[in-house]
Each structure stands twice: as C-alpha cells, then as structure tokens.
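Hello,

Here is the structure we talked about. My notes follow below it.

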Protein chains: 2
Amino acid sequence: MKLGNRIKELRESQGLLQRQLSAQLEIDTPMFSKIERGERRAKREQVLKIAELLKVDTQELLTLWLTDQVLEVILNEKQALQALKMAEKDIKNKTK
Amino acid sequence: MKLGNRIKELRESQGLLQRQLSAQLEIDTPMFSKIERGERRAKREQVLKIAELLKVDTQELLTLWLTDQVLEVILNEKQALQALKMAEKDIKNKTK
DNA sequence: CTTATATTGGACAAAATTTGACAAGTCAAA
DNA sequence: TTTGACTTGTCAAATTTTGTCCAATATAAG
C-alpha cells in the first residue's frame, strides 16, 4: 500500500474533501491531489500533520512514507534486493 | 561496508592517488576525497566509472551505493526495519 | 627544519531538483 | 449548462546537491 492510496482511503472514509485537508496543510488542492496520487512526495512534516488530521497512527503513515522513499531509490535497480538485505543488516547492527 | 571505504581500499591496494582517479572522473580531489569519506554522495554514473577504473565488479559497487542511499532515507527512523520489510515485499511482488 | 606532495575542511557558486502556485482542464451530479 | 471536486501542465521560488577554490593539515623526503 502506497502512502497516497492510504491517505485517500482514510480521507474518503471520513467524508473529507481534498480542499479541507489541503487548507489545513497550507498547500493548494492540486498539490494535495498530487500527493494522494503519488505524483509528488509529501514532506515528513506533512505526513505527521495528515496523520493527525485523519486521526490515524502516525507510525503507520510514516512507515508507508519511508517505504515509498526506499522504493524510489532502489526501483529498477538489479541490486535492489541485495541492497535491502545489506541495509537491514546495518540497521540491526546499529545498536549492537 | 560503505561505498567510500571500499573505494579507498581498492584505490590504495592498487597504489593509485585520489588525484589520478578524480582526474578521470572530471572532478577535483577535494570532491573525490569527500566521496571516499562518505561526506558526499557519488552519482550513479560516477560509481560506474569508478568500478571501471578500479577494475572491480560494477554490481558490487552499485550495491554498496544503493545501500548507502537506502540507509540515508531510513536512518534514525523508528520504522526503519518495518519499511525495509515492506519494500522487500513490494520488490519481490513486482514481477508476479 | 624545510620542501614537496597528498589529503582534508570549509566557504561559496553553479546546477539540478523539489516544492508549490496558478490557470485551465475533465468529470459527475444536479 | 452550472457547480463543485478533482486533475493536469507549466512556471517560478525555494531548497538541495554538486562542484570549485583556497587554505589547512598531514605525511614523507631531503
């Protein structure tokens, strides 16, 4: 699940309009529309605000947001999986 | 292993100077020095060139390069591991 | 100690990318 | 056909990235 899709899902299930959320985010509707469709990336700060407005767990949206970014980096790269594995090891070893 | 460290390792084992490699890359030595120390990110194109100059497998360096970037995105995020797992699933499902 | 060469650090400029605004468009409902 | 919600495309402002330059530090040789 992509961040934008999740946002749209939540927004619609609560009967909210793009116009209303974008106002709270202080961006215009086209911009919000683009974020929802994944055409533009949301800023971390905006993700936090959106989670708040949609009354959803911040961590859920942040995870989707991070995942989108990770995919953006490795997409179309032959070494994608290998890089993910290495990154995972590094993260796990960070505290050790 | 970070890309920069690997580059330095290879370069020194072959008795090459930063000056020589940076010339081939058409950047100056400070820039190359920064790439080696991970202070600056190399461009994909530069990684390819470096692999060629150091006679090392392109894929090895690209994997390190990608990993660095993935880590850059998720570092210091609580959801780092979760995001990696999700990304992995997405990549694996891409072809299916 | 001096000199010469290699590498690093920091400030700044150029280039590239991202972010957002705006105008105009589509689509569906009334 | 008018209205409201959303989308598309283009442009400029803002931010980030990439690279250059100069100076500082380090290393090695004489």
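**Surface near DNA strand D**

In this predicted model, helix H2 (18–25) and helix H3 (29–36) of chain A, along with helix H3 (29–36) of chain B, each give at least two residues to the surface near DNA strand D. Helices are DSSP runs of H or I, at least four residues, numbered from the N terminus. "Near" means that a heavy atom of the residue lies within 4 Å of the strand.

There are 17 residues around DNA strand D; A:Gln18, A:Ser33, A:Lys34, A:Arg37 and B:Arg40 come nearest. By class, the surface has five nonpolar, three polar and nine charged residues. Charged means Asp, Glu, Lys and Arg; nonpolar means Ala, Val, Leu, Ile, Met, Phe, Trp, Tyr, Cys and Pro; the others, Gly among them, are polar.

Of the DNA strand D atoms within 4 Å of the protein, 52% belong to sugar or phosphate. The rest belong to bases.

Phosphate oxygens of DNA strand D have these partners:
- A:Arg11, by a side-chain N or O atom, at 2.9 Å.
- B:Asp28, by a backbone N or O atom, at 3.1 Å.
- B:Gln46, by a polar side-chain atom, at 3.4 Å.

**Chains A and B**

A turn of 180° with a shift of 0.0 Å along the axis lays chain A on chain B, RMSD 0.0 Å (least squares on C-alpha atoms of residues with pLDDT of at least 70 in both). That is the relation of a two-fold axis. In chain A, the C-alpha of A:Val70 is nearest the axis, at 2.9 Å.

**Conventions**

Residues are numbered from 1 along each chain as its sequence is written, chains are lettered from A and ligands numbered from 1 in the order written. Local features need pLDDT of at least 70, side-chain atom pairs count only at pLDDT 80 or more, totals for chains, interfaces and linings use all residues, and side-chain values use heavy atoms, leaving out hydrogens and water.

Terms used:
A polar contact is a pair of N or O atoms within 3.5 Å; within protein, one must be able to donate a hydrogen and the other to accept it, and residues adjacent in sequence count only if both atoms are side-chain atoms.
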